[in-house]
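Work through the three exercises below with the model open. Try each task before you read its solution.

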Amino acid sequence: MKRLAVFASGNGSNFQSITDAIKSGTLEAEICLVVCDREDAYVLERAKLENINLFSFSPKNYANKAEFETEILEKLRQHDVDFIILAGYMRLIGPTLLQKYSQRIVNIHPSLLPSFPGKDAIGQAFDAGVKETGVTVHYVDDGMDTGPIIAQKTVPILDGDTKDILQKRIQETEHDMYPSVLQQLCQKKLT
Ligand code: GRF
């Protein structure tokens, strides 16, 4: 069974959907570590409730990204992690982690990439007035939401939608999509 580390900075609803899929048996994997870079993130409560090992840190306590990523790497080694799963982790991954986990870091982004990369992708799509947006799961490289795409799902923007309604529709899609894409990924042989 593949061993996952989930990286998150906020609410953690995607962490929850992955955890729930594991519990229900639709995702055959194990979350062995949650990594969080914010002391006030709700995902910390979720991880505690689920009894999952936690590494939370404040970037301001480190000289630079290489320093905290080196510490993260040591935790990943201790927990024998196969894949890093980004789920609302609001930081670019640096070379320290990218080199060791090449092709083993996955992200979910709330747009049809390459459209609307970066922050507030839902707001960007809503303000642009497009008729559809969506969700992308992709491998992570050194760019901002630029790595090779694994899967995409379209979400319509309907007349009368507010940004909140759209956000809810996108999140429902994410919660369904991420565990099932991860299940496919976890069945592959690691090279
Ligand atoms: C999701 O919309 C994800 O696509 C983006 O950050 C958000 C995280 O939400 N990368 P949550 O913390 O999982 O609720």
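Two residues are in contact when heavy atoms of theirs lie within 4.5 Å. The model is predicted.

**Exercise 1. Place Cys 186**

Task: Find which element holds Cys 186, decide whether Cys 186 is buried or exposed, and list what Cys 186 touches beyond four places in sequence.

Solution:
1. Start with the element. Cys 186 sits in helix H6.
2. Next, accessibility. Buried means under 20% relative accessible area. Cys 186 has 6% relative accessibility, so it counts as buried.
3. Now the contacts. Leave out residues up to four places away in sequence; Cys 186 then touches Lys 2, Leu 4, Glu 28 and Ala 29.
4. Follow two of these contacts into the strands. Lys 2 has Ala 29 in E2 as its bridge partner.
5. Finish with a distance. Between the C-alpha atoms of Cys 186 and Ala 41 there are 27 Å, and 145 residues separate the two along the chain.

**Exercise 2. Trace the strands**

Task: Determine in what sense E1 and E2 pair, and in what sense E2 and E3 pair. Then give the handedness of each β-α-β unit.

Solution:
1. Take strand E1, residues 2–8. It pairs with E2 in the parallel sense, over 7 bridges.
2. Get from one to the other. The chain leaves E1, passes through helix H1 (residues 13–24) and reaches E2; this β-α-β crossover is right-handed.
3. Check the cover on E2, residues 29–36. Of its 8 residues, 7 are buried, and the strand is mostly covered.
4. Move on to strand E3, residues 54–56. E2 and E3 are parallel too, with 3 bridges. One pair to inspect is Val 35 with its bridge partner in E3, Phe 55.
5. Close the second unit. E2, helix H2 (residues 42–49) and E3 form a right-handed β-α-β unit.

**Exercise 3. Describe the largest pocket**

Task: State the volume of the largest pocket, and work out which residues and elements line it.

Solution:
1. Recall the principle. A probe the size of a water molecule, rolled over the atoms, shows where empty space is left.
2. Read the volume. The largest pocket has about 840 Å³.
3. Count the lining. It has 36 residues; nearest the centre lie Gly 88, Tyr 89, Met 90, Ile 108 and Pro 110.
4. Assign elements. H1, strand E5 (105–109), helix H5 (121–128) and helix H6 (163–187) each give at least two lining residues. H6 supplies the largest share, 4 residues.
5. Sort by chemistry. The lining has 14 nonpolar, 15 polar and 7 charged residues.

Methods:
Residues numbered from 1 in each chain as written. Predicted model: local features only at pLDDT ≥ 70, side-chain atom pairs only at ≥ 80, totals over all residues. Heavy atoms only, no water. Buried < 20%, exposed > 50% of the residue type's maximum accessible area, 1.4 Å probe, protein only. Pairing = 2+ DSSP bridges. Right-handed = clockwise from strand over helix to strand, strands pointing away. 1 Å grid on protein atoms, 1.4 Å probe; cavity = no way out; pocket = protein on both sides within 12 Å on 5 of 7 lines; lining within 4 Å. Points joined across faces, edges and corners; volume = space filled by probe spheres on them. Nonpolar A, V, L, I, M, F, W, Y, C, P; charged D, E, K, R; others polar.
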